[in-house]
Amino acid sequence: MHRNQGEPRSKGTVTMQNQLRTNAPRRNGVGPYRTTARTVGVIYLAGMFIGIPANILILSVLSAPDRLALLSQNSTLLAIGAVLWMLTVAGDAAHGILMFPVLKQHNERIAIGYLGFRIIDATFIAIMGLLILAQIPIGTLSKQAEAPDGPYLQGLSAVLMQTHHYAYSIAMLTLGVAGLLVCSAFYKTNLLPRPLAVWGLAGYAVILCGSVLELFGFDLMTIHAIPGGLWELFVGVWLIVKGFTPISGPSESPMSSTTPTPTSLPATS
């Protein structure tokens, strides 16, 4: 005898529908963040391709033996290098903003911490850029100044150089902390393959430790930034091409092939 439309649905039908609802992908999963992954990847690459030329331009002027004389002649090159560094400020802050909704699904504290340290990183990079630009008027004054003012201007330039170095080291230190936070999230959630997450953890740990040594007076010549820099270069390409790996959880795992599929029980009279 067939069940009438007014009769309750069988237990098997309800069980199957509940299982389908459980296996359906969540709307707030990582899938919608494909554009975010590509954008973060582009920012990683842009930071590398902007930061390296900026460093070359700045060091070519400020590392010269007769820095003040070169400053007056190459102020435009120094200004271009400083402006390029200032462009990376927006990228550093954007990392934290874009990754916040992705990381929040895993751990809200990590998401907030990553955002906060990225903003601190961007702030000190901005300070560093301003200190570099402050060297330009010193170079102009040195060209116009009389001989007694020369040592004073050289001392002022040296102080700005050291302060600029401190600002950069603090920015790198906060970048190291932020990198450890985001890579720990990548490792736990498999948003990236775990070997890549481990590489990132190692690279940012080296950046963090190296930056602390730089603050204590050790000149590492930015060697400590190489492992993390290579990671950002590789992961930038990875995110553009493949994006994030969807987070898998007990509620999202597909039904096993060995698990019997619930079927509707035959209606009883």
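Select Thr189 first, in helix 7, which spans residues 150-189. In this predicted model, Thr189 counts as buried because its relative accessibility is 9%, under the 20% cut-off. Display the side chain of Thr189 together with the backbone of Ala185: a polar atom of that side chain lies 2.7 Å from the backbone oxygen of Ala185.

Next, select helix 6, residues 135-144. Which residues of helix 6 are buried? They are Gln135, Ile136, Ile138 and Gly139. Viewed down the helix axis, the buried residues fall within an arc of 160°, so they line one face of helix 6. To see what covers these buried residues, add the surrounding helices, including helix 2 (34-62), helix 3 (67-73), helix 4 (75-104), helix 5 (108-133) and helix 7.

Two of these covering helices offer the next stops.

From helix 3, select Leu68. Leu68 is buried because its relative accessible area is 10%, under the 20% limit. Now add Ile138: although Leu68 and Ile138 are 70 residues apart in sequence, their C-alpha atoms are 7.5 Å apart in space. Beyond residues up to four places away in sequence, Leu68 touches Ile138, Gly139, Ser142, Gly150, Leu153, Gln154 and Ser157. Two of the residues in that list, Ile138 and Gly139, are among the buried residues of helix 6.

From helix 4, select Ala79. Is Ala79 buried or partly exposed? With a relative accessibility of 22%, Ala79 counts as partly exposed, since buried requires a value under 20%. Leaving aside neighbours within four places in sequence, Ala79 is in contact with Leu133 and Ile136; Ile136 is one of the buried residues of helix 6. For a further distance, select Leu130 as well: Ala79 and Leu130 are separated by 51 residues in sequence and by 9.9 Å from C-alpha to C-alpha.

The tour ends at the surface. Select Phe49, Trp199, Met221, Ile223, Ile226, Leu230, Leu233 and Phe234, which make a nonpolar surface patch of about 820 Å². Which helix contributes the largest share of this patch? Helix 9, residues 226-241, does so with four residues. Finally, select Ile226, a patch member located in helix 9. Ile226 is partly exposed because its relative accessible area of 48% falls between the 20% and 50% cut-offs.

Key
Residues are numbered from 1 along each chain as its sequence is written. This is a predicted model: local features need pLDDT of at least 70, side-chain atom pairs count only at pLDDT 80 or more; totals for chains, interfaces and linings use all residues. Side-chain values use heavy atoms; hydrogens and water are left out. Buried means under 20% relative accessible area, exposed over 50%, partly exposed in between (1.4 Å probe, protein chains only). A polar contact is a pair of N or O atoms within 3.5 Å; within protein, one must be able to donate a hydrogen and the other to accept it, and residues adjacent in sequence count only if both atoms are side-chain atoms. Patches are made of residues with over 30% relative accessible area and no salt bridge: like charges are joined within 9 Å, nonpolar side chains (Val, Leu, Ile, Met, Phe, Trp, Tyr) within 5 Å. Accessible areas come from the Shrake-Rupley method with a 1.4 Å probe; for residues, only the protein chains shown count as cover. A salt bridge is a side-chain nitrogen of Lys or Arg within 4 Å of a carboxyl oxygen of Asp or Glu. The arc is that of the directions from the helix axis to the C-beta atoms. Contact means heavy atoms within 4.5 Å.
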